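The following paragraphs lead the reader through the structure shown here. They take up the ligand surroundings, then the sheets, and then some points of backbone geometry.

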Amino acid sequence: MTIRTRLREVPVEQALGLRLAHDLTRIVPGSFKGRAFVKGHVVTEADIPALLDIGKAHLYVMELAAGELHEDEAALRMAEAHRGERIELGRPHEGKVALKSSIQGLVKIDPGYVNEINALGDIALATVLGDRLVEAGGQVAATRVIPLVVEEALVSRVEALAARFRERHGRSPIEVKPLRPMRVGLITTGGEVYSGRIEDRFGPAVRAKLERLGSAVAEQALVPDDRERIVSKIVEYKGKEYDMILLTGGMSVDPDDRTPGAIRAAGADIVSYGTPMLPGSMLLMGYLGGTPVLGLPGCVMHDPHTSFDVLLPRLLAGEEIRREDITAMGYGGLYGC
Ligand SMILES: Nc1nc2c(c(=O)[nH]1)N[C@H]1C(S)=C(S)[C@@H](COP(=O)(O)OP(=O)(O)OC[C@H]3O[C@@H](n4cnc5c(N)ncnc54)[C@H](O)[C@@H]3O)O[C@H]1N2
Ligand code: MOO
């Protein structure tokens, strides 16, 4: 298809009084990247040296044809098509529109869908990874078309695919789920902590991770590396109807590592013991009568981004973690430890 919009090139020295057809970008490595001139700006005498400095020897005069869209409008329509719950749109900027989260929450984006859109060509739908935490105001995606002018039919195809996604999944292609405040029962295992040989450092670390996401430790117990003592604490916390039960320490291969066996013995269904992510490979994910029960290995106390930090926002968003969710964590899951 050929574009019918007329783009006339005008030498910059003859562009006085001309309205710019698109934003113009200036980049200075290490200090600046952004708009030097905004679409619609009327060129003045004083602008000419600055335009030459950013390499613009010519400017476009545009007469947009019917059925064709300027890059800004195309980007805006694509962003509108994808926008779901708790997503705000930025204004077109250098032909790009940002989709930002209005809350701290869990980003939902389907990778197959993003690939399908980008396979149309002449389009950039760039997103963050789905099922991850986003902070309020954080950008989760951006839309742009590659040429300055595109056929409206291309954008209509994007809109149709977005509408089909909504029909099939009952939600928009890009949305953010809110996190629910949860009350957590925390069981800290380890003879060295129970006996007072060393100070508990795991409790404060887990508290901080929960509180940052709006949840809290309702109660913490210190227990020795004794399977029966751990089991009875799990059963007690289940009875107290905490939203989640977390156990720390004793998750690896030593004889004193009793925590996975205790979680099993308490009757939990084990989704996975072992998570293909580093740090956090010794994490156990299970459910006890619908309550998430997690065994957290030592690294959760030490590292800021572990398998626990990937799963926690999903759990707080009320998602059920299945085995395939865990197995999928290996690809891109090496953060080093
Ligand atoms: N030979 C192997 N070694 C290790 C493996 C393995 O598979 N084979 N796994 C590694 C991974 S991964 C992790 S993570 C760590 C820790 O695993 P654990 O969860 O069993 O941790 P512990 O052995 O109970 O403790 C390790 C370390 O952390 C201190 N700790 C534990 N809880 C507390 C607390 N509440 N407050 C302060 N400090 C605590 C504990 O004293 C130990 O120093 O194992 C790797 N090794
Ligand atoms: O579970 Mo360890 O947790 O990978 O460092």
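**Ligand surroundings, sheets and backbone**

Ligand 1 is surrounded by 21 residues, of which Glu192, Asp200, Gly250, Met251 and Ser252 are the closest. The model is a predicted one, and the distances that follow are computed from its atoms. Two neighbouring positions offer backbone contacts to the ligand: a backbone N or O atom of Met251 lies 2.8 Å from an oxygen atom of ligand 1, and a polar backbone atom of Ser252 is 2.8 Å from an oxygen atom of ligand 1. A further backbone contact comes from Gly298, whose N or O atom lies 3.0 Å from an oxygen atom of ligand 1. On its own, ligand 1 has 880 Å² of accessible area, and the protein covers 63% of this. Two elements, α5 (191-194) and α9 (299-302), each give two or more residues to the shell around ligand 1. Sorted by class, that shell has nine nonpolar, six polar and six charged residues.

Which residues come nearest to ligand 2? Of the eight residues around ligand 2, these are Gly280, Ser281, Met282, Pro297 and Cys299. The run from Gly280 to Met282 supplies backbone contacts in turn. A backbone N or O atom of Gly280 lies 2.7 Å from an oxygen atom of ligand 2; for Ser281, a polar backbone atom is 2.8 Å from an oxygen atom of ligand 2; and for Met282, a backbone N or O atom lies 2.7 Å from an oxygen atom of the ligand. The shell around ligand 2 has six nonpolar and two polar residues, with no charged residue.

The backbone just before Gly280 also deserves attention. The peptide bond that leads from Leu278 to Pro279 is cis, with omega near 5°. Most peptide bonds are trans. Pro279 is found in the loop between β17 (269-273) and β18 (284-288), and both of these strands belong to a sheet described next.

This sheet is open and has six strands, in the order β15-β14-β16-β19-β18-β17, with mixed pairing. Why is one side of β15 and of β17 left without a neighbour in the sheet? Both β15 (216-223) and β17 stand at the edges and have a single partner strand each, so one side of each has no neighbouring strand in the sheet. From one strand to the next, the twist averages 20°. At the β15 edge, strand β14 (residues 183-189) pairs with β15 in the parallel sense over seven bridges. Within this pair, Ile187 stands opposite Ala221 in β15.

The UniProt record, in an unreviewed entry, places the feature "domain: MoaB/Mog" at residues 185-317. In the model, the end C-alpha atoms of residues 185-317 lie 18 Å apart, and the span is 36% helix and 26% strand.

A separate open sheet is formed by four strands in the order β6-β7-β11-β9, and here the pairing is antiparallel. Its edge strands are β6 (87-89) and β9 (123-127), each of which pairs on one side only. The twist from one strand to the next averages 15°. Strands of a sheet pair through backbone hydrogen bonds, either parallel or antiparallel. In the interior of the order, strand β7 (residues 97-101) and strand β11 (residues 139-145) pair in the antiparallel sense over four bridges. Ala98 stands opposite Ala142 in β11.

A last point of backbone geometry concerns the loop that follows edge strand β9. Asp131 lies in the loop between β9 and β10 (133-134). Is its phi positive or negative? Phi of Asp131 is near 60°, a positive value in a residue other than glycine. Most residues other than glycine have a negative phi.

Terms used: Residues numbered from 1 in each chain as written. Chains lettered and ligands numbered in written order. Predicted model: local features only at pLDDT ≥ 70, side-chain atom pairs only at ≥ 80, totals over all residues. Heavy atoms only, no water. Pairing = 2+ DSSP bridges. Axes fitted to C-alpha atoms, helices over the stretch in contact; angles between N-to-C directions. UniProt positions renumbered as here; feature names shortened; annotations may be inferred. Near = heavy atom within 4 Å. Polar contact = N/O pair within 3.5 Å; in protein donor to acceptor, adjacent residues only side chain to side chain. Areas by Shrake-Rupley, 256 points an atom, 1.4 Å probe, with all protein chains shown as cover. Nonpolar A, V, L, I, M, F, W, Y, C, P; charged D, E, K, R; others polar.
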